[in-house]
Amino acid sequence: MRQLLSLLTLALVLLWAGCGSSSNSNNNNVSGNWTATLTGTNGSPNFAFTMTMFQNSDNSVSVTNLNVTTTNPCFAQGSTTASGGFTLSGNFNGNLNGTLSLLIQSTNTTPTNALTLNGTVQNNTISGNWTLTGGSGCTGSGNFNMVR
């Protein structure tokens, strides 16, 4: 009888431990649709864009559906590429924390315009700094905020 009670107790403990864990893959990655707003150092709006990010198993980030939603000569619609990386850190109990680096480049300009974003990820928000280098009129820096 004692062995049966011990086995039942062990089974209940294992069942209870299994109920407390979840494997929702989106909790701990940046995959999803994002909207970004970039402001200049004086706080004025500079860029806005939407995109779909997918975090690969090696923590690189693939970007699709990149759409610059503000009129901008530095990044013409359909002529940009983006790539990046994500580093996960902190508490993984349903909370997303880490850092994101993202590079968006024009593919139809000489020289190439390059927008670099480096930010901190906290759940469904990414915020940080951006720098734009490139041709005439395509330089600047400031802050950005992205929401899922």
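Student: In which strand does T52 lie?

Tutor: This is a predicted model, in which local features need pLDDT of at least 70, side-chain atom pairs count only at pLDDT 80 or more, and totals for chains, interfaces and linings use all residues. Residues are numbered from 1 along each chain as its sequence is written, and side-chain values use heavy atoms, with hydrogens and water left out. Strands here are DSSP runs of E with at least two residues, and helices are runs of H or I with at least four, both numbered from the N terminus. On that footing, the stretch of residues 45–55 that holds T52 is strand β2.

Student: Which residues is T52 in contact with, leaving aside its neighbours within four places in sequence?

Tutor: Contact means heavy atoms within 4.5 Å. One partner, S62, is 10 residues from T52 in sequence, with 8.3 Å between the two C-alpha atoms. With the neighbours within four places set aside, the list for T52 is G32, N33, S62, V63, T64 and N65.

Student: What is the distance of the polar contact that joins the side chains of T52 and N65?

Tutor: A polar contact is a pair of N or O atoms within 3.5 Å; within protein, one must be able to donate a hydrogen and the other to accept it, and residues adjacent in sequence count only if both atoms are side-chain atoms. The T52 side chain makes such a contact with the side chain of N33 at 2.6 Å. For the side chains of T52 and N65, the value is 3.2 Å.

Student: How many helices and strands does the protein chain have?

Tutor: Read along the sequence, the pattern is α-β-β-β-β-β-β-β-β. The count is therefore, under the DSSP definition, one helix and eight strands.
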